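Thanks for coming. I will go through one structure today, piece by piece, so please keep the picture open while I talk.

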Amino acid sequence: MSDEDSTETRKVVRVGTRKSQLAMIQTNSVVAALKKRHADIDFEIISMSTTGDNILHTALSKIGEKSLFTKELEKALEDGSVDLVVHSLKDLPSALPPNMVIAAVLEREDPHDAVLMHPKHATKHLADLPENSVIGTSSVRRAAQLKRKYPHLKFESVRGNLNTRLRKLDEGEMYSALVLAAAGVKRMDWEHRISQLLQPTECMYAVGQGALAVEVRANDFDTLTLVSTLSHEETLLRCVAERALLRQLGGGCSVPVAVFTEIKDKELYLTAAVFSLDGSECLKETMQMAMGSTQPQQDSSSADNHYVGVVAETVSSQAMKAAEDLGTDVAKLLLSKGAEDILSVARQQNEAETKQ
C-alpha cells in the first residue's frame, strides 16, 4: 500500500471549539493529549463563534439566556459537523441536551480567581486600593463576595475575551483591577500579571471553574471511549458534586452561587454558598462523603449511567452517584435555610435591570 493510500484510510475526528485565543489554547492541549494516545487518528479543529462571544456590551448575568457559550457548538455536534466539543466546564449548564454527555473532565487547573492590577497599582492587593476604585468583573458571583470583603471598592461589568479585557485595563483609566479565573490567565501565560490569588475565605469559585470538559453525542460510543481516558478522577468527582449542587439550586450565571471542593483522607468535601447581588446576604454550608472504591465496574461505561451529564469509563458508578448525591444534599440544605428566596430576588433584580 502506498503512503497516499494509507493516508486516505486514516480516521479523522473533528473537534469543535470557540474561536478565542484561550479556547484554541485549551482545545489544542486536549487534541495533543488525544494524539499521544491515538497516533493513528487525525484530529481536525473546527472553530466557531457563540452567542456569548457576539454579545459584548451586556453583562452575562443580564442576557437572560442559558448556554451562551455552548449552544452553537452543541448544534454542530448534534448535526454531525463535529464529533466532539471542548468546553470550559463552567460554561456548560448543569442540564445538557438529552442526546449529549460529558465524556471526559480533564485535570483541573487552579480553580481560584486572580486579581490583575492596572500597571499604576502593580504592587498592590485589593485591600490597598483607594476608596471607590473600580474593579472589572463579568461575574455576579465574584462581585457579591468581594463587596462583602472589600466594601470600599466598586464593581463594574467588563466584557470581551481575555485579550480585550486586559487591554481595557492597561490602556484605560476606568478600572483599577480585573478579577479573572486564574486558570485562563495561566493558560494564556500571563501568570506574571497576577497580583493576588483569591483564597476561598475571600472568594469561592464557580462550579467547574478551571476544568476542561469534552462533550460528545450520547450514542457515539466510539468517540466516548476515545476520549474517556482523558478524565482525571479527583477533578471528575469534585465537578460532579459541584454540578449537582447547581442543578438542584437552579442556578446559572445570573445568580451568585460559589463553591469550594477538596478531597482529603478519602473524603470529598463540598462547601457551597449563595449570596444576594450586593453581598449583604449569604448562606454557606459544608458537607462531606466517604469516597469508597472508585474502581469502575463492568457496566459503568454506558452513556445511560450519567451523573449531571457526566459519564466515566474510568471511575465507578458508585463513586459518581455518591458525588452527585453530595451536591444535591448540600443544595437541599441551603434551600431549607432560605437560599431560594435569596436567589429569586437576585434573578428578579437582574431581570429588572435588563429591561431598563
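Start at strand β4, residues 100-105, where six of the six residues are buried, so the strand is largely enclosed by the rest of the structure. Before going on, note that this is a predicted model. What does β4 pair with? It is joined to β10 by five bridges, and the two strands run antiparallel. One place to look is V105, which stands opposite A213 in β10.

Now the overall picture. The protein chain has twelve helices and 13 strands. Of its 356 residues, 56% are buried. If you take the contacts with a separation of 6 or more, 71% of them are between residues 24 or more positions apart.

Next, the sheet of five strands. It is open, with the order β7-β6-β8-β5-β9, and its pairing is mixed. Which strands are at the edges? They are β7, residues 154-156, and β9, residues 194-198, and each pairs on one side only. On average, neighbouring strands here are turned by 30 degrees against each other, ignoring direction.

For the word "parallel", look at β6, residues 134-136, which pairs with β7 in the parallel sense over three bridges. Within that pairing, I135 has F155 in β7 as its bridge partner. If the term is new to you, strands of a sheet pair through backbone hydrogen bonds, either parallel or antiparallel.

Two helices go with this sheet. Helix α6, residues 140-149, packs on it and touches β5, β7, β8 and β9. The direction of α6 makes about 125 degrees with that of β8. Helix α7, residues 162-171, lies across β5 and β8, and runs at about 160 degrees to β8.

Then there is a sheet of three strands. This one is also open, in the order β11-β12-β13, and the pairing is antiparallel. Why is one side of β11 and of β13 left without a neighbour in the sheet? Both stand at the edges, β11 at 257-264 and β13 at 282-290, and each has a single partner strand, so one side of each has no neighbour there. The average turn between neighbouring strands in this sheet is 15 degrees, again with direction ignored.

Strand β12, residues 267-275, pairs with β13 in the antiparallel sense over nine bridges. Along that pairing, T271 stands opposite T286 in β13. Helix α10, residues 233-249, packs on this sheet, where it touches β11 and β12, and its direction makes about 150 degrees with that of β11.

α10 also has a helix for company. It packs with α11, residues 317-336, at an angle of about 35 degrees, and the axes are 7 Å apart. The crossing of the two is right-handed. On the α10 side, the residues that meet α11 include L236, L237, V240 and A241. On the α11 side, those that meet α10 include A319, M320, A323 and E324.

Now rings. How many aromatic pairs does a search of the whole structure find? It finds one. The rings are those of Y205 and F260, with centres 6.1 Å apart and planes at 65 degrees; planes over 60 count as edge-to-face, so this pair is edge-to-face. The two residues are 55 apart in the chain, with Y205 in the loop between β9 and β10 and F260 in strand β11, so to speak of linking distant parts of the chain is fair. Y205 is buried, with a relative accessible area of 0%. As for charges over rings, K264 lies over the face of Y269, at 5.0 Å from the ring centre.

Last, two single residues. A183 is in helix α8, residues 182-187. Is A183 buried or exposed? Its relative accessible area is 2%, and under 20% counts as buried, so A183 is buried. Leaving out residues up to four places away in sequence, A183 touches E109, D110 and G210. A183 and G210 are 27 residues apart along the chain, yet their C-alpha atoms are separated by 5.1 Å.

The other residue is T223, in helix α9, residues 221-228. T223 is buried too, with a relative accessible area of 5%. With the same sequence neighbours left out, T223 touches D83, L84 and V216. That is the end of my list.

Conventions. Residues are numbered from 1 along each chain as its sequence is written. This is a predicted model: local features need pLDDT of at least 70, side-chain atom pairs count only at pLDDT 80 or more; totals for chains, interfaces and linings use all residues. Side-chain values use heavy atoms; hydrogens and water are left out. Two strands pair if DSSP finds at least two bridges between them. Helices (H or I, at least four residues) and strands (E, at least two) are DSSP runs, numbered from the N terminus. Axes are lines fitted to C-alpha atoms, for helices over the stretch in contact, and angles run from 0 to 180 degrees between N-to-C directions. Contact means heavy atoms within 4.5 Å. Rings of Phe, Tyr and Trp (its six-membered ring) pair if their centres lie within 6.5 Å; planes under 30 degrees apart count as stacked, over 60 as edge-to-face and the rest as tilted. Buried means under 20% relative accessible area, exposed over 50%, partly exposed in between (1.4 Å probe, protein chains only). A charge sits over a ring if NZ of Lys or CZ of Arg is within 6 Å of the ring centre and within 35 degrees of the ring normal. A crossing is left-handed if the near helix is turned anticlockwise from the far one by less than a right angle, and right-handed if clockwise.
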